Amino acid sequence: MQATGAEQIYGTQSISRQGEPVTREPYDRELLTDGLRAGASVPSLEEQDAALEAIQARIDALMAD
């Protein structure tokens with residue numbers, strides 16, 4: 001979905017462009033409930049947000065070196 005510019009359904013792909021924060025956008029976060037995500041073995045929105053923050057923190061740490 002990222003490659004085509006279409007909104008993600010599950011939010012499993014992230015992208016990082018130089019000088020910009022990591023994002024999963026475009027992403028329709030309201031389309032599915034966390035229950036449906038769990039049924040599809042996809043992390044909850046809270047888990048996805050935490051993972052995205054961790055990725056951004058690693059990038060920031062690498063850029064600071």
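In which helix is the place of Q56? I looked this up first, keeping in mind that the model is predicted.

**Entry on Q56.** I found Q56 in helix α2, which covers residues 45–64. I then asked whether Q56 is buried or exposed. Its relative accessible area is 17%, so I recorded Q56 as buried, given that buried means under 20%. Leaving aside residues up to four places away in sequence, I noted that Q56 touches P21 and V22.

**Entry on Q48.** I turned next to Q48, whose place is also in helix α2. With a relative accessible area of 3%, Q48 is buried. Which residues does Q48 touch, not counting those up to four places away in sequence? I listed Y10, G11, R24, Y27, R37, V42 and P43. For Y10 I also looked up the separation from Q48: the two lie 38 residues apart along the chain, and their C-alpha atoms are separated by 9.8 Å.

**Entry on the surface patch.** Y10 came up again when I examined the surface. I noted a nonpolar surface patch of about 350 Å², and I recorded M1, I9, Y10 and L31 as the residues that make it. Y10 therefore has two entries in this notebook, because it is touched by the buried Q48 and is one of the residues of the patch.

**Entry on M1.** Where is M1 found? I placed M1 in the segment before α1, the helix of residues 34–39. Its relative accessible area is 42%, so I recorded M1 as partly exposed, a class that lies between 20% and 50%.

Technical notes: Residues are numbered from 1 along each chain as its sequence is written. This is a predicted model: local features need pLDDT of at least 70, side-chain atom pairs count only at pLDDT 80 or more; totals for chains, interfaces and linings use all residues. Side-chain values use heavy atoms; hydrogens and water are left out. Helices (H or I, at least four residues) and strands (E, at least two) are DSSP runs, numbered from the N terminus. Buried means under 20% relative accessible area, exposed over 50%, partly exposed in between (1.4 Å probe, protein chains only). Contact means heavy atoms within 4.5 Å. Patches are made of residues with over 30% relative accessible area and no salt bridge: like charges are joined within 9 Å, nonpolar side chains (Val, Leu, Ile, Met, Phe, Trp, Tyr) within 5 Å. Accessible areas come from the Shrake-Rupley method with a 1.4 Å probe; for residues, only the protein chains shown count as cover. A salt bridge is a side-chain nitrogen of Lys or Arg within 4 Å of a carboxyl oxygen of Asp or Glu.
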